[in-house]
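User: Could you take a close look at one small part of this model for me, and tell me what sits around it? I'd like the surroundings explained in plain words.

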Amino acid sequence: MNQRLNLQLIENGYVHIPDGIDKRLIKIAQENINDSLKKILISKKKDVSEKYDINFYNCLKILPQYELQVLLTQNIVGNNIVYQILRSKKILDFLISSIGPDLEYESNCELNIITIEEKRDYFVKKYHQEFWSGVGIASMMLWIPIYFEPNMASVEFIKKSHTWGHIPHKNREPIKLPNKYETEIIKAKEGSAVLTGSLTLHKSGRHKHSKPRIALPVVVRNFYYPKTGNEDLMEFRRLNWSYYSKLRKILGNPHLSPFRTDLKRTINLEDKD
Ligand SMILES: [Fe+2]
């Protein structure tokens with residue numbers, strides 16, 4: 001299966017993995033987000049609902065959306081929920097097969113929330129490349145729907161646009177595009193994920209649902225690959241280690257200082273000599 005997904009990724013510049021993430025983890029992320037919303041409302045002595053959408057709209061009366069997105073994301077990152085989501089077997093196996101076993105993810109990522117009132121501006125983006133936001137060509141973006149019901153806004157890609165290079169742009173939109181291109185709106189659902197390169201053009205779909213759509217875009221990269229964008233300004237946490245990286249950690253330093261970790265073992269080895 002990974003071979004087929006890898007072919008799609010290199011051919012189109014993105015790939016949809018329909019059941020990549022353990023749905024139990026998506027539920028945990030949803031509960032964490034709703035709990036954070038409830039805590040904000042309780043701290044301001046406001047009424048709390050069991051419904052995330054009601055809590056979210058009430059929180060918007062207290063905090064601007066960009067602050068709310070940061071706060072909610074800090075909690076799901078801090079509670080290791082993003083880490084567990086990314087370690088879902090299918091996703092992790094696919095990441096390892098496509099970009100290798102030495103992986104890290106962006107810990108200062110930010111939930112993307114779209115509401116029905118939102119016009120195409122800051123939160124609802126026009127066609128763009130992640131490259132414009134400092135994600136280098138060796139890094140990937142994983143887009144994960146968290147609160148997502150049928151008919152909510154998905155994400156739309158331009159097939160093969162990753163082969164066009166750096167698209168000229170101004171004010172967060174392309175200045176020029178080829179006359180002909182093919183697009184795809186992803187049939188996303190809770191439990192699915194989309195992996196895309198940083199040059200693949202994509203945009204948010206129209207959101208006509210009364211509840212907000214909450215998705216998590218997170219940069220994932222092989223930490224041995226070059227940082228060709230602004231990755232040195234981002235924050236990353238380790239996700240997975242190869243044998244080589246594990247051995248490097250055991251050895252402790254690049255000079256291979258002998259017998260530094262275990263005194264007993266050192267003595268035994270010396271005795272044998
Ligand atoms: Fe994007």
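Analyst: Here is a walk around G205 and the small sheet beside its loop, followed by the core and the C-terminal end. Bear in mind that this is a predicted model, where local features need pLDDT of at least 70, side-chain atom pairs count only at pLDDT 80 or more, and totals for chains, interfaces and linings use all residues. Residues are numbered from 1 along each chain as its sequence is written.

Start with G205 itself, which lies in the loop between β10 and β11 (213–222). Helices (H or I, at least four residues) and strands (E, at least two) are DSSP runs, numbered from the N terminus. G205 counts as partly exposed because 16 other C-beta atoms lie within 10 Å; 20 or more would make a residue buried and 12 or fewer exposed, with C-beta atoms placed from the backbone. Leaving out residues up to four places away in sequence, G205 touches A153, S154, V155, E156 and I185, where a contact is two such C-beta atoms within 7 Å.

Two of those names turn up again in the sheet: E156 has I185 in β8 as its bridge partner. Strand β5 (residues 155–158) pairs with β8 in the antiparallel sense over 3 bridges, and two strands pair if DSSP finds at least two bridges between them. The open sheet has 3 strands in the order β8-β5-β10, with antiparallel pairing. β8 (183–185) and β10 (202–204) are at the edges with a single partner strand each, so one side of each has no neighbour in the sheet.

Now for the core. The C-alpha atoms of G205 and I146 are 16 Å apart, with their positions 59 residues apart along the chain. I146 is among the residues with the most contacts inside the largest nonpolar core, which has 60 residues. Such a core is a set of buried Ala, Val, Leu, Ile, Met, Phe, Trp, Tyr and Cys residues joined through C-beta atoms within 7 Å. Its largest share, 7 residues, comes from strand β4 (residues 140–147). L195 is another of the residues with the most contacts there, and its contacts include M140 and L142.

How far can you trust all this? The protein averages a pLDDT (the predictor's confidence in each residue, from 0 to 100) of 92, and 93% of the residues score at least 70. Be warier of residues 266–273, where pLDDT stays under 50.
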